[in-house]
Amino acid sequence: MWKFARFVSATKLVRSRRFSTAIPGPCIVHKRGADILHDPWFNKDTGFPLTERDRLGLRGLLPPRVISFEQQYDRFLDSYRSLEKNTLGQPENVVSLAKWRILNRLHDRNETLYYRVLIDNIKEFAPIIYTPTVGLVCQNYSGLFRRPRGMYFSAKDKGEMMSMIYNWPAQEVDMIVLTDGSRILGLGDLGVQGIGIPIGKLDVYVAAAGINPQRILPVMLDVGTNNQKLLGDRLYLGLRQPRLEGEEYLSIVDEFMEAVHARWPKAIVQFEDFQAKWAFETLERYKKRFCMFNDDIQGTAGVALAGLLGTVRSQGRPLSDFVNQKIVMVGAGSAGLGVLKMAIQAVAKISGCSESAAKSQFFLIDKNGLVTTERNNLDPDAAPFAKNPRDIDGLTEGASIVEVVKKVKPHVLLGLSGVGGIFNEEVLKAMRESVSTKPAIFAMSNPTLNAECTAIDAFNHAGEHIVFASGSPFENVDFGNGNVGHVNQANNMYLFPGIGLGTLLSGSRLITDGMLQAAAECLASYMAEEDVVQGILYPSVNSIRDVTAEVGAAVLRAAVKEDLAEGHGDVGPRELANMSKEETVEYVRHNMWFPVYSPLVHEK
Ligand SMILES: NC(=O)C1=CN([C@@H]2O[C@H](COP(=O)(O)OP(=O)(O)OC[C@H]3O[C@@H](n4cnc5c(N)ncnc54)[C@H](O)[C@@H]3O)[C@@H](O)[C@H]2O)C=CC1
Ligand SMILES: CC(=O)C(=O)O
Ligand SMILES: [Mg+2]
């Protein structure tokens, strides 16, 4: 079988220069000829040196001229730029899908070049392989489908998963992203088409955390769909049946988790884009049994908390002032409730008060308005955050967003509702009355059209002095007076890669609240004071590998502190425990996979 460590020794050598001349270690390959050209992991296209063409039976299968990696890289970017030029003026969706296609074709053909292009240009390509374009790809998946990527387990596979898991060709898997397609971004139930999300998230894992792409596995758990349009679509590729519910549903997820654990006991499973009820239920069910976390609940919470603490700093106030910040949360689903829970824990920790006392500053709104204890059929997951009518003078059960904002005058208005434009002009103008010197508006829903407001509307209506963050990227806003409104991207992509990598390198078999809190605290303290006072709460996506190294190290050290670190590869728990903070960051950085062509050596 394949050898997996081929790039590790070369990592350091290559990082220092864009195209190093240092020779990386060899890679053993067990195939020859056209089979190599058709394997995107080994394929170098026209980059195979002549000696390698001879050794591997490739002579005559390629045009004679050898093209360097650097030339291939430039050639790809040139064709990408021509595509941009040729599609000028066409509808945005058409252009985005064309860009996704060209990247996807490279991904299918030559992984080394694909990931190199992605890593070097992450800010430009993240919106294509991740939000917002990945949403469009999921919506059009059945039509775009050319070849499978990842694994598909369906309700029809019940009883077979333990053997099916061995159909995956790689011997080792470190990172799995799993979805059931029931809540894809803010786009709802997309059934099997949601596979685009695990694929996109794992691309971010490779780019940001340097997880070896041979050790990743995107997974779709197809338990049916309740999306009538898809059920009636003749091209739909998933099971044509309503979603399984109750014990039937859970037995499928159980079987999958057992199968993964049996083959790869240390693989980390990231649950992604499950509808809220199953997101919460599966997290409680598995978090003490398997190495897993829910990104929408836990990753988002950490990123949002870092942003909320940033807004306190941006007001020039000490972090201890977080306890006095009034926060209106719009959206009581997996993401919104996850954020509330973590933020309330932070207030309790900072102030030393009980969690129930810490709740007083938070107001929760869902599709039926302000959530209070007077609500009929109050969702049990939201119940702990429901307001007692006695404590909300002048507001009643079901009050609208604008009513709550006008009355509370919050420091922060945070949207995780999935409803585009819900922070309308009236709501944004009401934020002008905020008690904060720098009111903050977080429109965190994805993709772009589902954002609660646009950046332009936020600055126009709420004022140029606000702090703004969105889940999908927007351009900074030019006020035309020499000033610019900075747009932050508040997206869990700043945390999940570090959570995964830190856990992997620690060798922990669980992901604890302590490890997640360490990740959030690390991100919260990442930005320098001079940036934060200008409303820059998160680093540029361009520095995502640096952020991930820090976050990964924080997670690893938390695992060591909790005595959960069993070590990874040759590095045992004692060595991990003896590393200083700086050494841990360097260790994490050093273990990031980096794409370069290695000499291929054939072995039978
Ligand atoms: N920026 C980021 O990193 C992340 C963003 N998200 C985004 O957050 C959104 C929500 O995700 P989940 O919580 O998992 O979804 P969900 O479906 O579990 O929850 C949505 C919530 O919004 C509420 N809601 C719906 N319509 C509303 C309205 N008109 N007014 C007020 N509230 C309304 C619902 O009652 C529900 O409580 C999605 O768009 C998702 O893409 C999710 C995770 C991370
Ligand atoms: C970013 C993300 O995880 C979501 O929108 O669901
Ligand atoms: Mg998600």
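Let's start at Leu185, which sits in the loop between strand 3 and helix 11. In this predicted model, Leu185 has a positive phi of about 45 degrees, although the residue is not a glycine.

Leu185 also leads us to a meeting of domains. The domain assignment divides the protein chain into domain 1 (145-290), domain 2 (299-491) and domain 3 (495-590). Between the C-alpha centres of domain 1 and domain 2 there are 31 Å. Where these two touch, 8 residues of domain 1 and 8 residues of domain 2 take part in the contact. Together they bury about 620 Å², and carbon and sulfur atoms account for 63% of that area. On the domain 1 side, Leu185 appears again: with Gly186 and Phe280 it supplies 62% of the area that domain 1 buries against domain 2, more than any other three residues.

What kinds of residues does domain 1 bring to this interface? By class, its side has 6 nonpolar, 1 polar and 1 charged residues. Across the interface of domain 1 and domain 2 there are 0 salt bridges, while 2 residue pairs are in polar contact.

Salt bridges do turn up in the model, with a count of 33. In general, side chains of opposite charge can pair when their charged atoms come close. One of the salt bridges joins the side chains of Arg215 and Asp174, at 3.2 Å from N to O. Arg215 belongs to the loop between helix 11 (196-209) and strand 4 (216-222), and Asp174 to the loop between helix 10 (161-164) and strand 3 (175-179), so this pair ties together parts that are 41 residues apart in sequence.

Next, have a look at a sheet. Here 7 strands form an open sheet with mixed pairing, in the order 9-8-7-10-11-12-15. The edges are strand 9 (369-370) and strand 15 (487-489); each has a single partner strand, so one side of each is left without a neighbour in the sheet. Further in, strand 7 (residues 327-330) runs parallel to its partner strand 8 (residues 362-366), and the two pair over 4 bridges. If you pick out Val328, its bridge partner in strand 8 is Phe363.

Finally, two peptide bonds deserve a glance. Thr131 and Pro132 are joined by a cis peptide bond, with omega about 10 degrees, and Pro132 lies in the loop between helix 7 (122-129) and helix 8 (133-139). Another cis peptide bond links Asn446 to Pro447, with omega about -15 degrees. You will find Pro447 in the loop between strand 11 (440-443) and helix 20 (455-462).

Note on methods: Residues numbered from 1 in each chain as written. Chains lettered and ligands numbered in written order. Predicted model: local features only at pLDDT ≥ 70, side-chain atom pairs only at ≥ 80, totals over all residues. Heavy atoms only, no water. Domains from an automatic or database assignment. Contact = heavy atoms within 4.5 Å. Buried area = accessible area lost by both parts, 1.4 Å probe. Salt bridge = Lys/Arg side-chain N within 4 Å of Asp/Glu carboxyl O. Polar contact = N/O pair within 3.5 Å; in protein donor to acceptor, adjacent residues only side chain to side chain. Nonpolar A, V, L, I, M, F, W, Y, C, P; charged D, E, K, R; others polar. Pairing = 2+ DSSP bridges.
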